[in-house]
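Reader: Hello! I would like a close look at one part of this model, the aromatic contacts, and then a walk outward from there to whatever surrounds them. Could you take me through that in one connected answer?

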Amino acid sequence: MTGLHSKLSSFFNNKWFVFVGAMWMQSFAGTGYLFGSISPVIKSSLGYNQRQIATLGVAKDLGGSIGFLSGTLSEILPLWSALLVGSLQNLIGYGWIWLVITGRAVPLPLSMICILIFIGSNGETNFNTVALVSCVQNFPTSRGPVVGILKGFAGLSGAILTQIYTMIHTPDHATLVFMVAVGPTLIIIALMFIVRPIGGKKQLQSSDGPSFVFIYSVCLLLAAYLMVVTLLEDLVDLSHSATILFTLVLLLLLVLPIVIPLLLTFCTDDTSPDQESLLPVSQNEEACASEQSSDQHKVIPSEVEDEILDFSLLQTLKTADFWLLFLSLVLGSGSGLTVIDNLGQISQSLGYEETHVYVSMICIWNFLGRIGGGYISETIISEHSYPRPVALAAAQVLLAIGHLFFAMAWPGTMYIGTLLIGLGYGAHWSIVPATASDLFGLKSFGALYNVLTMASPVGSLIFSGVIVSGIYDYEAEQQHKQHNSQQSLLGRLAYGTSLGVDEASKCEGAVCFFLSSLIMCAFCIVAMTLSLILVHKTKSVYANLYGKTTRVVRAAVN
């Protein structure tokens, strides 16, 4: 009985169990990516026009990025308290919106709806902060993969929640808003005592490599499966039973990673730090001696950071490296988020009606971009000790090409454009947090991460709120004037053929996003330049941080 108790204790304190719990949490936490799906029901229920919906989108972006509260809570209170606050924000914000659009609560002005969606989406910052802070501390030698996988699942959550909603099969579209309010809240509360930093040694273990390979395999399988299911549901009239089956298989794939901590705990003879006190004295001394001998050949980045760097938030904000990284993120991720928020209008202007298909597709490519960005950037520093921001520059090249495709509106633009924008935008959110931990340490990582997340709404406000919407409305107005000029005054008076407000604000054709896409393409090239400057400035830092680690590990292997 004592042995079973110790095994269960080891399981619940296994860093891989924490990591899998964080993956599950992130799989349902990215509610902001469902804005493209819930905005139509808000628009129709409350009688909003497109400009008002765009205002809600900006409020959503700000809420999902301003994380001062979550950063502060993560540093002064237990992490579960941040998750509890975030889950309550999600429930209150989206829940109240659901009450309003279904007539169960009194109507509210646009300003109050903006505040509610800000509160709801702001809960995401708590989920992201706790997941990243916990797992980066538990896996300091694998920051790129860990950040990439966790942020990837957050990006994929929109497609996962959409599939679950499809299974519910209800004609009431407001149900999706209710599901966004209640579903993630219940998941977070169930996991809030699991996702946390754990004690013990943090060196790279022999089981970590195969475990990450298995996780990556599950990620690729999950992305491929969702892509196939999305296309089938769009192209084929599937029965409800088939949809239920597809959703159950999806949930099974999400549960699959739990086999890693189960195998490591119950099917291996490895002794965890928590179990060493249960060994006889002689065995415990032998284990400690063996561990000390092994540790002579191990140097991990977090140990080197203590010798080289460990910045406070204020010290970080005074460095040129931070502002290069932040401005590059504003231009890169801001332009990508602008495409995501305006994907419905982009597809409609080009003559594509099934906008939800492209929303799901860009979520899947966003997921793969985050997974791939973390893996590639980690390979660059571990194999070559080269600065991680070079991977960021490559991601911004993908964004620039994607914006060019949307500008030119070539055949297949919606498929190729969503692929490139999704990959490039997603890669930013695995590379940038890992880069920040490399350059400035883990001392204030939670607060620093939430400062960096402000880059997306800043960029979105510039690109979407000023450039894209301004050009779109101008082109729509020109088309409206041209349409009216082709009608005689007598015809308009006789038959009432003038356009309504919604029709007058609608733009059609490649011209709608031509100039704005070219502008965003140019700014992505500027972002790439800033990233390359950061690469040049941080070569010595990465050589000291990862070059030392690489040399010691190779010496131990030889």
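Author: Happy to. Let us begin with Phe523, which is partly exposed because its relative accessible area is 34%. This is a predicted model, so please read every value here as computed from predicted coordinates.

Phe523 has an aromatic partner, Phe463, and the two rings meet edge-to-face, with 5.6 Å from centre to centre and 65° between the planes. Those two values are given together because a pair of aromatic rings is described by the distance of the centres and the angle of the planes. The angle counts as edge-to-face because the cut-off for that class is over 60 degrees. Phe463 sits in helix H22 (residues 455-485) and Phe523 in helix H25, so this pair ties together parts 60 residues apart in sequence. The partners have their own surroundings: Phe463 is buried, at 2% relative accessible area, while Phe523 is partly exposed at 34%. The total for the structure is 24 aromatic pairs.

Helix H25 also takes part in another kind of link. Lys537 and Asp321 join their side chains in a salt bridge, at 3.7 Å from N to O. Lys537 belongs to helix H25 (residues 511-537) and Asp321 to helix H16 (residues 320-341), so that the pair links distant parts of the chain, 216 residues apart. Lys537 is partly exposed, with 40% relative accessibility, whereas Asp321 counts as buried at 17%.

From here it is natural to follow the charged pairs. The whole structure holds 7 salt bridges. One of them is formed by Asp208 and Lys15, whose closest N and O atoms are 3.1 Å apart. Asp208 is in helix H10 (residues 208-235) and Lys15 in helix H2 (residues 15-27), so this salt bridge ties together parts that lie 193 residues apart in sequence. Asp208 is buried, with 1% relative accessibility, and Lys15 is buried too, at 9%.

Another salt bridge brings together the side chains of Asp438 and Arg143, at 3.6 Å from N to O. Here Asp438 comes from helix H20 (residues 413-440) and Arg143 from helix H8 (residues 143-168), distant parts of the chain that are 295 residues apart. Asp438 is buried, at 0% relative accessible area, and Arg143 is buried at 0% as well. This pair has company: Arg143, Glu378, Arg388 and Asp438 are joined into one network by salt bridges that share partners.

Now back to the rings, at another place in the fold. Phe11, Phe12, Phe17 and Phe266 make up one aromatic cluster. Phe266 belongs to helix H12 and is partly exposed, with a relative accessible area of 36%. Phe12 and Phe266 also appear in a nonpolar surface patch of about 430 Å², along with Leu4, Leu8 and Leu262. Helix H1 (2-12) and helix H12 (259-266) are the elements that give two or more residues to that patch, and H1 supplies the largest share, 3 residues. Phe266 can belong to such a patch because its 36% accessibility is over the 30% required of a patch member.

Beneath the surface there is a good deal of nonpolar packing to look at. In soluble globular proteins, nonpolar side chains tend to be buried together. The largest nonpolar core here has 144 residues, and the members that touch the most others are Phe19, Leu56, Ile149, Leu150 and Leu452. Helix H18 (residues 355-384) gives this core its largest share, 12 residues. As a sample of the packing, take Leu56: leaving out residues up to four places away in sequence, Leu56 touches Phe35, Ile42, Tyr48, Leu110, Ile113, Cys114 and Ile117.

Finally, here is the setting for all these contacts. The chain contains 26 helices and 0 strands. Of its 558 residues, 53% are buried. Long-range contacts are plentiful in the count: among contacts between residues at least 6 apart in sequence, 86% join residues at least 24 apart. The chain exposes about 23,600 Å², and carbon and sulfur atoms supply 66% of that area.

Technical notes:
Residues numbered from 1 in each chain as written. Predicted model: local features only at pLDDT ≥ 70, side-chain atom pairs only at ≥ 80, totals over all residues. Heavy atoms only, no water. Patch = residues over 30% accessible without salt bridge, like charges linked within 9 Å, V, L, I, M, F, W, Y side chains within 5 Å. Areas by Shrake-Rupley, 256 points an atom, 1.4 Å probe, with all protein chains shown as cover. Salt bridge = Lys/Arg side-chain N within 4 Å of Asp/Glu carboxyl O. Helix = DSSP H or I, 4+ residues; strand = E, 2+ residues; numbered from the N terminus. Buried < 20%, exposed > 50% of the residue type's maximum accessible area, 1.4 Å probe, protein only. Core = buried A, V, L, I, M, F, W, Y, C linked by side-chain atoms within 4.5 Å. Contact = heavy atoms within 4.5 Å. Phe/Tyr/Trp six-rings, centres within 6.5 Å; stacked < 30°, edge-to-face > 60°.
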